[in-house]
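This briefing goes through the surface, the fold and the nonpolar cores of one protein chain, in that order. Please read it alongside the model shown here.

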Amino acid sequence: MSRHRLLSLAATTPFSAAAQDSAPAIHVVKDRNCGCCSAWVEILGNAGFTVITETSFGTLLMRHKLGNGIPQEMHSCHTGEVEGYMIEGHVPPADIRRLLAERPDAIGLAVPGMPYGSPGMGPEDEREAYDVFLIRQDSSTEVFSSYNSA
């Protein structure tokens, strides 16, 4: 392969090695038997995040969510933490990057439930509509971004 071709491929690759080197680490607490959690972790890794996983289950996982300010109506199956923000459920990597760029005074982001077609929950081209919510410090929420059905 020519040097020119190699450089052009590197320039068009969305997640180059340089981007991965500077990517933030995200700590994910998940059930060890959950396939969609593992799929979301893989998507984050492919998007350049460094992912550290920890397994938990049942009431311990629920206490972790509630203890970190995630309202019960925002719960999903796994919980991440990145640069002081909580990430609940199948939040797309682009929304995590936007959160880190904008740095709002907030607890974090959540995709409550497990909407089909969200990252890790089936093919995006069959996606159902869903919202990503910003969780404010007072536990109120507002729509951070919306995804239409495919």
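The protein exposes about 8,000 Å², of which carbon and sulfur atoms supply 52%; accessible areas come from the Shrake-Rupley method with a 1.4 Å probe, and for residues only the protein chains shown count as cover. This is a predicted model, in which local features need pLDDT of at least 70 and side-chain atom pairs count only at pLDDT 80 or more, while totals for chains, interfaces and linings use all residues. Residues are numbered from 1 along each chain as its sequence is written, and side-chain values use heavy atoms, with hydrogens and water left out.

**Fold**
- The protein has five helices and seven strands, which from the N terminus on run α-α-β-α-β-α-β-β-α-β-β-β; helices (H or I, at least four residues) and strands (E, at least two) are DSSP runs, numbered from the N terminus.

**Burial and cores**
- Of the 150 residues, 42% are buried, meaning under 20% relative accessible area with a 1.4 Å probe and protein chains only.
- The largest nonpolar core (buried Ala, Val, Leu, Ile, Met, Phe, Trp, Tyr and Cys residues joined through side-chain atoms within 4.5 Å) has 22 residues, and Ile26, Ile87, Ile96, Leu109 and Val132 have the most contacts inside it.
- Elements giving two or more residues to this core include β1 (25-30), α3 (35-46) and α5 (93-102).
- A second, separate core of seven residues includes Met74, Ile107, Ala110 and Ile135.

**Contacts**
- Beyond its neighbours within four places in sequence, Leu109 is in contact with residues including Ile96, Val132 and Phe144, where contact means heavy atoms within 4.5 Å.

Technical notes: Buried means under 20% relative accessible area, exposed over 50%, partly exposed in between (1.4 Å probe, protein chains only).
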